[in-house]
Amino acid sequence: MSDKDLNSTNLENGGQETDSRVISLSGMYENYFLDYASYVILERAVPWINDGLKPVQRRIFHALKRMDDGRFHKVANVIGQTMQFHPHGDAAIGDALVHLGQKELMIDCQGNWGDRRTGDRAAAARYIEARLSKFALDVAFNDKTTNWQLSYDGRKKEPISLPMKFPLLLAQGVDGIAVGLSTKVLPHNFVELIKASIDVLNGKETNIYPDFMGGGMIDVSNYNRGKRGGKVRVRSKIEVVDKKTLAIREIPYGITTETLMDSIVKANDKGKIKIKKVVDNTAKEVEILVEIPSGISPDVTMDALYAFTNCEISISPNACVIIENKPAFLTVDEILKVCTEHTKFLLKWELEIQLNELLEKWHFSSLEKIFIENRIYREIEECETWEAVIETIDTELKKYVETPNVPSSVKKPPYTLNRDITEEDIVRLTEIKIKRISKFNSFKADELIVQLESDIEETRHHLAHLTDYAIAYFENLLKKYSKGRERKTVIMEFDNIRATQVVANNCKLYANLSDGFVGYGLKKDEFICECSDIDNIIVFRKDGKFLVTKIADKTFVGKNLLHVGVWKKGDKRTTYNMVYLDGASGKTYGKRFQVNSITRDREYDLTKGTPRSKVLHFTATPNGESEIITIQLSQGCTARKKVFDFDIGTIAIKGRASQGNTLTKYPVRKVVRKEIGKSTLGAQKIWMDEASGRLNTSERGKYLGAFDTGNNILAIYQDGSYELTDYELTNRYDVSSLMLIERFEPASVLSAIYYESDKKATYAKRFVIETSKTEQKFNFIGENSRSSLLYISTHPNPEISFKTKEKKGVEEHSEKLAEFIDVKGWKALGNKLTSGKPIEVKGIHIEKEVSEMEMEEKTDEETKNEQNIQGKMFD
């Protein structure tokens, strides 16, 4: 551009002459950017709701259909054919094709197509082959019901959308990132989608949830029906192989074995978990073995894997689809309804096309029969022109075909057609070959017409009952293609795992009590406890103040520390007992309080806040235990009794800001603990989640009882082993082999029936638990792994029935175990019940009738005894 041209340009605010060749930058940005954004949204990233496909996927399927001959085709060739319709590179097409093939629904694959579980890529396109699956051919293609458009270069036709008669979008799922929006629809179960479509047609409500090919477990409590704002939690399936090994059998959706192992190694390096080694043994099935060091609980390690690694991930769905050239945000149930109604519309369209074709075929078959049977072809022998031939045939046909508006008095021809005869019909008659006329069979022609009439009637019936026809269509899909497509992902509600409860103790807490420093770097000072680098530390000082701070290498928290510990948010059991002197009045107060919530790094005053106030006695009790203290008064005071005991457990637990109770108005010389008592918070009620095997206090699962200081849990397993454990909420039990779990009562008598493999006989025994060691299993039926426990009960007078196979057939027996055998040692063999292994063993329990009032008056202990598990039955 010349200088003159430059001087003539207008900057929109300079008032100079405008050059028509100049386009303002703002206008370019607005127009070009909107065009680009619209293109990316509509033509690349977001699927259309009708067929559930992005343009590249639709073009791949169209190319495969054009190539379809029943045989496999090289993927390189498929990519080349698709490039006739898709204006982008071969790499994008190849990646999209492999992604579709790995879903194992619409495309049959041959060769190395990679592994979505391990992240291994597919072989080069020249080495792998593909073809459309039978399912795809059934549901996705029909040229007669397809709307077409020209391809990007105008040389060929491509479908605007495929006539998809199945909710493919929900079956395959989709991810896409466009300009200003994104979409994420999770895959759902094939069988459940078809059944849900049938429910939609029946007018019922639907409730569908994601299902992943890799299995695993999913918590859908916040799914929000797949709409944005929802969330699902997905977990690996982890099994305890033994005390030192965990096995990951299934992995979360979107995670590979490589990324999962990397996350485990990183968590170990950061000290969040403690492991020795991770080994990937994935072959046909996923198997990642995690070796655990000695002394580390596999159950806690399992929870830590969920808390700190990709063994648990959160996925936020965002169901965005294209409807009438605009993006729309829907729920998965709304998408299912639209897809089902669209399938119904396509089925109606196909039936209407089929009906028209049948009517046309019936019309011409009738004309052909009239033309040949009545030898009309002979009448044109004398015709000299084409017009004469057409006119002659038309005239002759009208002699045999009834025409509308003929008076009833006039004799009508014998044949009735469904429409008027056109010139095209006559031309087709003239094209009948002499060979066909000579071999014409009137009987077969009548049979064909009758069959066509039957087909027409059936098609009209389907149109009149379209909903029933659509339901039958989906039921046929279910029958043909549902095998092997059962749900793989288990739906369950996950426990909320607190990271602070399961994190490995990867550091040690030290404190300099006099100078007021705490942290894990003070290794020359007093050791407090083991902790993790994500814990919070609570400190109490002699001046009656406390604060909570994040653990660090070294932190100053104030001089003259009384207590340092790890603080757990929401802890409703840890209780603090404190005796302090009020500096203003000289009185001594006692108080009990808990610290459930705080603002980190903020100081709180536990006294009345007056000068010279100080703490005389302080104790932290983990379960609200009571405490008897001895208070010694000053010798010079006027009190008669200068030494007395006080049960601090008699003080109610209040808020940390409470004043407390007055203990004495006289000067106190010293306060010392005399003895520690039981918990004043009452027994803690514990439940076990029967799905996960975890303990909880939220009343979920089986009630185990109320637990106080010193109580244990008794768990008995199918291999004949038992263990005593504490009631920490981090405990987990193997519910697949668990036969009995309850609060342990030392006086309870256990009655067991077990099969002894070495002696090939079944024995009964009654015994009392004699071991006191916790967290260790003891086997009471022998060490042979083929021996098995058939029945266990803590009922005081159990009665059992069992079936045995005899020569005469199956015989049923019963036995009162308290009369059959006395109580013996837990290692005793017991009395022989029967030879061989019974077919079935079950308990017979005669329960005493109790009125509703008596039930209300029962003590917790009586109720617990009657609610004990009475045994399990094993075939």
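**Strand pairing, a charged network and local features of the predicted model**

In strand E14, the bridge partner of Arg235 is Glu312. The model described here is predicted, and this pairing belongs to a set of four bridges by which E9 and strand E14 (residues 312–315) are joined in an antiparallel arrangement. On the side of strand E8 (residues 217–219), E9 is joined by three bridges, and these two strands also run antiparallel. Here Arg235 of E9 serves as the bridge partner of Met217. Arg235 is thus a bridge partner both of Met217 and of Glu312.

The side chains of strand E9 (residues 232–235) are divided between two directions: Val232 and Val234 point one way, Arg233 and Arg235 point the other way, and all are buried. Such a division accords with the general pattern, in which the side chains of a regular strand alternate between the two faces of the sheet. The two arginines of E9 also take part in charged pairing.

The count of salt bridges in the model comes to 36. In general, side chains of opposite charge can pair when their charged atoms come close. One such pair is formed by Asp51 and Arg58, whose side chains meet with an N to O distance of 2.7 Å. Asp51 counts as buried because its relative accessibility is 1%, below the 20% limit. Arg58 is likewise assigned as buried, since its relative accessible area is 5%.

A further salt bridge is made by the side chains of Arg131 and Asp108, at 3.5 Å from N to O. This pair links distant parts of the chain, with Arg131 in strand E3 (residues 129–132) and Asp108 in strand E2 (residues 107–110), 23 residues apart. Arg131 has a relative accessibility of 26% and therefore counts as partly exposed; Asp108, at 26%, counts as partly exposed as well.

Asp645 and Lys674 provide another example, with their side chains meeting in a salt bridge of 2.7 Å, N to O. Because Asp645 lies in strand E30 (residues 643–647) and Lys674 in strand E33 (residues 668–679), the pair ties together parts that are 29 residues apart in sequence. A relative accessibility of 38% places Asp645 in the partly exposed class. Salt bridges with shared partners also join Asp219, Arg233, Arg235 and Glu312 into one network. Within this network, Arg235 and Glu312 are also bridge partners in the pairing of E9 with E14.

A separate open sheet is formed by four strands in the order E24-E21-E22-E27, with antiparallel pairing. Strand E24 (561–567) and strand E27 (604–605) stand at the edges and have a single partner strand each, so one side of each is left without a neighbour in the sheet. Strand E21 (residues 536–541) and strand E22 (residues 545–550) pair in the antiparallel sense over five bridges. Ile537 has Thr549 as its bridge partner in E22.

Among the helices, H13 (residues 423–430) has Asp425, Ile426 and Leu429 as buried residues. Viewed down the axis of H13, its buried residues fall within an arc of 95°, so they line one face of the helix. An α-helix has 3.6 residues a turn, so residues three or four places apart point the same way. The buried residues of H13 pack against helix H11 (332–373) and helix H12 (386–400). The exposed residues Glu423 and Glu424 are carried on the face of H13 turned away from its buried side.

Glu756, in strand E40 (residues 749–756), is buried yet has no salt bridge. The nearest side chain of opposite charge, that of Lys759, is 6.1 Å away, beyond the 4 Å within which a salt bridge is assigned. The side chain of Glu756 instead reaches the backbone nitrogen of Asp758 at 2.8 Å. Leaving aside neighbours within four places in sequence, Glu756 is in contact with Ala761, Tyr763, Ile781, Ser787 and Leu829.

The loop between E40 and strand E41 (761–768) contains Lys760. Phi of Lys760 is near 50°, a positive value in a residue other than glycine. Lys760 counts as exposed because its relative accessibility is 57%. A positive phi, near 65°, is also found at Asn325, a residue other than glycine. Asn325 is placed in the loop between strand E15 (320–323) and strand E16 (326–329) and, at 48% relative accessibility, counts as partly exposed.

Conventions: Residues numbered from 1 in each chain as written. Predicted model: local features only at pLDDT ≥ 70, side-chain atom pairs only at ≥ 80, totals over all residues. Heavy atoms only, no water. Buried < 20%, exposed > 50% of the residue type's maximum accessible area, 1.4 Å probe, protein only. Lys, Arg positive; Asp, Glu negative; His and termini not counted. Polar contact = N/O pair within 3.5 Å; in protein donor to acceptor, adjacent residues only side chain to side chain. Contact = heavy atoms within 4.5 Å. Pairing = 2+ DSSP bridges. Arc of directions from axis to C-beta.
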